[in-house]
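The following exercises concern the fold of one protein chain and the packing of two of its helices. Work through each task with the structure at hand before reading the solution.

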Amino acid sequence: MFENSKSLEEYQNRFPTWRLNLILTIIQKKVEKSAVEKRELPLVWSYMHMFSTMQVAKLLALRRGLDPELASLTCAFHDIHTLLTGSTENHGVNAAKHIREIVLEYNQNSRGELPEITEEEVDRIINAIAVHSDKKIIANDPLAELLKDVDSLDSYLHGLIQWKESGRIPRGNKVLKEFNIDFLIEE
Ligand SMILES: [Fe+2]
């Protein structure tokens with residue numbers, strides 16, 4: 001997609017995703033270093049869900065007039081606790097410490113000429129992720145709503161059964177409708 005002859009600024013002018021791309025590198029290094037023995041979910045699931053939610057998030061953010069990079073960072077981080085520890089328990093709230101650690105590494109050592117990820121952005125990401133597991137509750141934060149919607153549709157697209165009680169089906173259908181896709185997830 002991007003040509004190697006372009007400068008960093010020109011890359012950034014194309015699509016605002018370079019902070020996210022670098023964050024993914026830091027996450028990958030952390031996964032390689034972590035020696036998780038037992039995983040509740042296969043590592044491949046955590047990876048594919050991380051990558052696909054962040055891409056769907058970019059599109060949905062553009063559709064909704066939200067910041068696509070902030071939305072995709074939120075999705076990339078949303079199951080970070082499970083990715084790094086193997087545990088799904090309270091993973092929304094438990095994501096915060098990993099996010100702060102990774103963003104600190106990015107801001108202090110890795111970002112080069114890229115902009116910092118600000119405290120305000122970190123707080124918004126953490127707050128959205130903390131509430132993402134309950135899909136039945138409508139959040140008054142558009143970023144949290146985007147995450148819940150993307151998480152719901154993405155799990156369906158990866159073939160997971162959508163239990164009615166999960167609250168995921170109407171969310172997935174809402175996104176399909178927003179994209180003008182004439183297809184419904186059946187209850
Ligand atoms: Fe998820």
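**Exercise 1.** Determine what share of the contacts in the protein chain, among those with a separation of 6 or more, is made by residues 24 or more positions apart.

*Solution.* The model is a predicted one. Begin with the secondary structure: the protein chain has 9 helices and 0 strands, in the order α-α-α-α-α-α-α-α-α along the sequence. Then take the contacts with a separation of 6 or more; 58% of them join residues 24 or more positions apart.

**Exercise 2.** Assess whether the radius of gyration of the protein chain agrees with that of a compact globule.

*Solution.* For 187 residues, a compact globule would have a radius of gyration near 16 Å. The protein chain has 16 Å, so the two agree. Along the principal axes, its C-alpha atoms fill a box of roughly 50 × 40 × 30 Å. As to burial, 33% of the 187 residues count as buried.

**Exercise 3.** Describe the packing of helix H4 (residues 68-77) against helix H7 (residues 119-130).

*Solution.* First, consider the geometry: the two axes come within 10 Å and cross at roughly 50 degrees. An angle from 35 to 65 degrees counts as oblique, and H4 and H7 are therefore oblique to each other. The crossing of H4 over H7 is right-handed. Next, identify the contact residues: H4 contributes Leu 70, Leu 73, Thr 74 and Phe 77, while H7 contributes Glu 121, Arg 124, Ile 125, Ala 128 and Ile 129. Finally, classify them: the contact of H4 with H7 comprises 6 nonpolar, 1 polar and 2 charged residues.

Notes. Residues are numbered from 1 along each chain as its sequence is written. This is a predicted model: local features need pLDDT of at least 70, side-chain atom pairs count only at pLDDT 80 or more; totals for chains, interfaces and linings use all residues. Helices (H or I, at least four residues) and strands (E, at least two) are DSSP runs, numbered from the N terminus. The radius of gyration is taken over C-alpha atoms; the globule rule is 2.2 Å times the number of residues to the power 0.38. A residue is buried if 20 or more other C-beta atoms lie within 10 Å of its own, exposed if 12 or fewer, and partly exposed in between; C-beta atoms are placed from the backbone. Two residues are in contact if their C-beta atoms, placed from the backbone, lie within 7 Å. Axes are lines fitted to C-alpha atoms, for helices over the stretch in contact, and angles run from 0 to 180 degrees between N-to-C directions. Angles under 35 degrees count as roughly parallel, over 145 as roughly antiparallel, 65 to 115 as roughly perpendicular and the rest as oblique. A crossing is left-handed if the near helix is turned anticlockwise from the far one by less than a right angle, and right-handed if clockwise. Ala, Val, Leu, Ile, Met, Phe, Trp, Tyr, Cys and Pro count as nonpolar, Asp, Glu, Lys and Arg as charged, and the others, Gly among them, as polar.
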